[in-house]
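User: Please explain the terms applied to this model and show how each assignment follows from its criterion.

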Amino acid sequence: MQKLSVVIPVYNEVATLKALVERVLKTEPTLGLDMEVVIVDDASTDGTGKVLEQIASSEKRVAALFHKKNQGKGAALRTGFGAATGDIVIIQDADMEYNPAEYPKLIAPIVEGRADVVYGSRFAGGEIHRVLYFWHSLGNKFLTLLSNAFTNLNLTDMEVCYKVFKKSILQSIKIEENRFGFEPEITAKIARIPGCRIYEVGISYAGRTYQEGKKINWKDGFRAI
């Protein structure tokens with residue numbers, strides 16, 4: 001049986017991490033795959049690390065990794081990808097903005113042999129969305145347009161969290177960006193892989209406000225450019 005690795009980069013998510021992991025683990029019976037959860041704490045300062053240690057000590061499907069110094073989402077994902085042992089790897093943020101119940105439709109194109117990479121899309125498929133920031137939406141669409149222009153892809157949501165890969169695809173790529181520049185970097189690099197089949201699946205989205213803990217800002221947009 002194939003295995004799914006769920007890689008979760010974490011920084012200061014003490015309020016949501018435990019509930020998120022419970023939601024992720026509940027999806028395993030619906031997948032038809034074995035599951036492992038690889039969580040990388042990027043030197044959190046709010047007690048997230050202690051919560052992660054408790055989770056990993058009580059749940060054998062969870063592997064906990066820790067950065068001694070904060071390096072950014074890209075660096076945490078690089079660490080998580082290196083530790084993942086699954087045939088399929090999916091990225092999951094710890095902030096509860098994305099719903100793990102959607103894993104089955106995200107991994108289906110790969111399991112069925114039609115795709116090598118699958119992106120979720122917050123802007124396609126008519127799924128439920130929380131209404132929030134106009135400028136964030138516009139920025140996401142601009143960055144996606146810019147990425148598409150350089151990669152000759154027709155994605156609708158390059159900046160989305162939910163990206164799913166065959167492990168062999170990740171093994172053929174060297175990730176260099178440490179922070180949110182990871183998103184355009186990985187997109188550009190998979191676009192250059194000969195014959196790589198990329199699919200997109202509509203997903204729901206429950207975005208957070210900055211008061212609720214949202215971290216990405218305009219500086220990350222400039223870095224992505």
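Analyst: Two strands are said to pair if DSSP finds at least two bridges between them. Strands are DSSP runs of E with at least two residues, helices are runs of H or I with at least four, and both are numbered from the N terminus. The model is predicted, so local features need pLDDT of at least 70 and side-chain atom pairs count only at pLDDT 80 or more, while totals for chains, interfaces and linings use all residues. Residues are numbered from 1 along each chain as its sequence is written, and side-chain values use heavy atoms, with hydrogens and water left out.

User: How do you know that β5 and strand β6 pair, and in which sense?

Analyst: β5 and strand β6 (residues 163-166) share three bridges, antiparallel in sense, against a requirement of at least two. Val-117 stands opposite Phe-165, and Val-118 opposite Val-164. Phe-165 is also the bridge partner of Val-89, in keeping with the three bridges that join strand β4 (residues 88-91) to β6, again antiparallel.

User: What makes the pairing of the sheet mixed?

Analyst: In contrast to those antiparallel pairs, β5 and β7 run parallel over five bridges, with Ser-121 and Gly-202 as one pair of partners. Strand β2 (residues 34-41) and β3 are likewise parallel, over five bridges, and Asp-41 stands opposite Phe-66 there. The open sheet of seven strands, in the order β3-β2-β1-β4-β6-β5-β7, is accordingly mixed.

User: Why are β3 and β7 described as standing at the edges?

Analyst: β3 (62-66) and β7 (198-202) each have a single partner strand, so one side of each is left without a neighbour in the sheet. Between neighbouring strands of this sheet the average turn is 20°, direction ignored; the axes behind such angles are lines fitted to C-alpha atoms.

User: What makes strand β5 mostly covered?

Analyst: Five of the five residues of strand β5 (residues 117-121) are buried, the term for under 20% relative accessible area (exposed is over 50%, partly exposed in between; 1.4 Å probe, protein chains only). Val-117, Tyr-119 and Ser-121 point one way, Val-118 and Gly-120 the other, and all are buried.

User: Why is the pair of Phe-81 and Phe-182 called tilted?

Analyst: Rings of Phe, Tyr and Trp (its six-membered ring) pair if their centres lie within 6.5 Å; planes under 30 degrees apart count as stacked, over 60 as edge-to-face and the rest as tilted. Five aromatic pairs are present. Phe-81 and Phe-182 lie 6.2 Å apart, centre to centre, with 50° between the planes, and the pair is tilted. Phe-81 belongs to helix α4 (residues 73-83) and Phe-182 to helix α8 (residues 182-191), so the pair ties together parts 101 residues apart in sequence. Phe-81 is buried at 8% relative accessible area, and Phe-182 is buried at 1%.

User: Why is the pair of Tyr-103 and Tyr-162 called edge-to-face?

Analyst: The ring centres of Tyr-103 and Tyr-162 are 5.9 Å apart and the planes stand at 70°, so the pair is edge-to-face. Tyr-103 lies in helix α5 (residues 103-111) and Tyr-162 in the loop between α6 (134-151) and β6, 59 residues apart. At 0% relative accessible area, Tyr-103 is buried; Tyr-162, also at 0%, counts as buried. Ring pairs link Tyr-98, Tyr-103, Tyr-162 and Tyr-205 into a cluster.

User: How do you know that Arg-122 lies over the face of Tyr-205?

Analyst: A charge sits over a ring if NZ of Lys or CZ of Arg is within 6 Å of the ring centre and within 35 degrees of the ring normal. Arg-122 lies over the face of Tyr-205 at 5.0 Å from the ring centre, and Lys-141 over that of Phe-123 at 5.3 Å.

Conventions:
Axes are lines fitted to C-alpha atoms, for helices over the stretch in contact, and angles run from 0 to 180 degrees between N-to-C directions.
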